[in-house]
Amino acid sequence: THGRPKDQLTLLALKKSGYTGKVYLVLDNQDNTIDEYKSLYNNLIVFDKNWYVDNCDTGSYIPNFKTILYAKNACEDIAKELGLDAFVIADDDIKSFSYRKVDGPHLKSVAVNGGMDKILDEYYRYILDNNITASSFGIPSWYLSGVNTFSSGKFKKFRCPINFVIRNTSKEMKWSFDYGEDLNTAIKYNKHGSTELALPNIQIYTVPYQQGNSGMRELYDKTSNLKLVYRNIMQNPDCVSM
């Protein structure tokens, strides 16, 4: 999280979903609102942003400071320090969670208003038992094909965990690129024999793309969409196209 201490949508969504486990707010030491965070929360972990700027593959000679990349790699290190078997890297702008299931010709949606502990236990168990590096819940665009979302051919193509990434700590993962780090990192590991498999049984709803305050909004506002998309092609020109 960055720059929005009073706008913690994911915390509220997790509470409403029935989650009772541990949550840490991870923020960088250059956040101008850090004192306000400290006054509101006692579950903060602060990382040294400059260290990660110097030690992350940003895909650019000139480092970009307005990116989630550094926080994601900090979360990987923090999880190891805490001795966790599995953990979630969650964006801070998730509004709600829903079950998605096929009912005849219809793809039904039912809000998760309890039971998130059990849901996460099942996801954790699945990725640990099957040696999967990362998984995630689904995002809205994945369900545009309705019931076909859950057909075997379509289902196994969800290879890019995003927004709510469930991680197997025993499998190393170094996030890369200052934009599109979810797509580019997933492609990198899938290409080298690691398995990243998102499971859309649960869907997340987030603040619409490029409409949230703070976070990476400054990067989006200052950079054309064409340039942002092309950064994905730069890293994986063999399998990413406009």
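Buried means under 20% relative accessible area, exposed over 50% and partly exposed in between, with a 1.4 Å probe and protein chains only. This is a predicted model, where local features need pLDDT of at least 70, side-chain atom pairs count only at pLDDT 80 or more, and totals for chains, interfaces and linings use all residues. Residues are numbered from 1 along each chain as its sequence is written, and side-chain values use heavy atoms, leaving out hydrogens and water.

**Exercise 1.** Work out how Phe97 and Phe164 pair up, and whereabouts in the chain they sit.

Step 1: The structure holds eight aromatic pairs (rings of Phe, Tyr and Trp, the last by its six-membered ring, with centres within 6.5 Å; planes under 30 degrees apart are stacked, over 60 edge-to-face, the rest tilted).
Step 2: Phe97 and Phe164 are 5.5 Å apart centre to centre with 75° between the planes, so call that one edge-to-face.
Step 3: Phe97 belongs to strand S4 (residues 94-103) and Phe164 to strand S7 (residues 164-168), 67 residues apart (strands are DSSP runs of E, at least two residues; helices are runs of H or I, at least four; both are numbered from the N terminus).
Step 4: Phe97 is buried because its relative accessibility is just 3%.

**Exercise 2.** Find out what surrounds Lys72.

Step 1: Look in helix H4 (residues 69-81), where Lys72 lies.
Step 2: Lys72 has 3% relative accessibility, so it's buried.
Step 3: Skip neighbours within four places in sequence, and Lys72 is in contact (heavy atoms within 4.5 Å) with Ile89, Trp175, Glu181 and Asp182.
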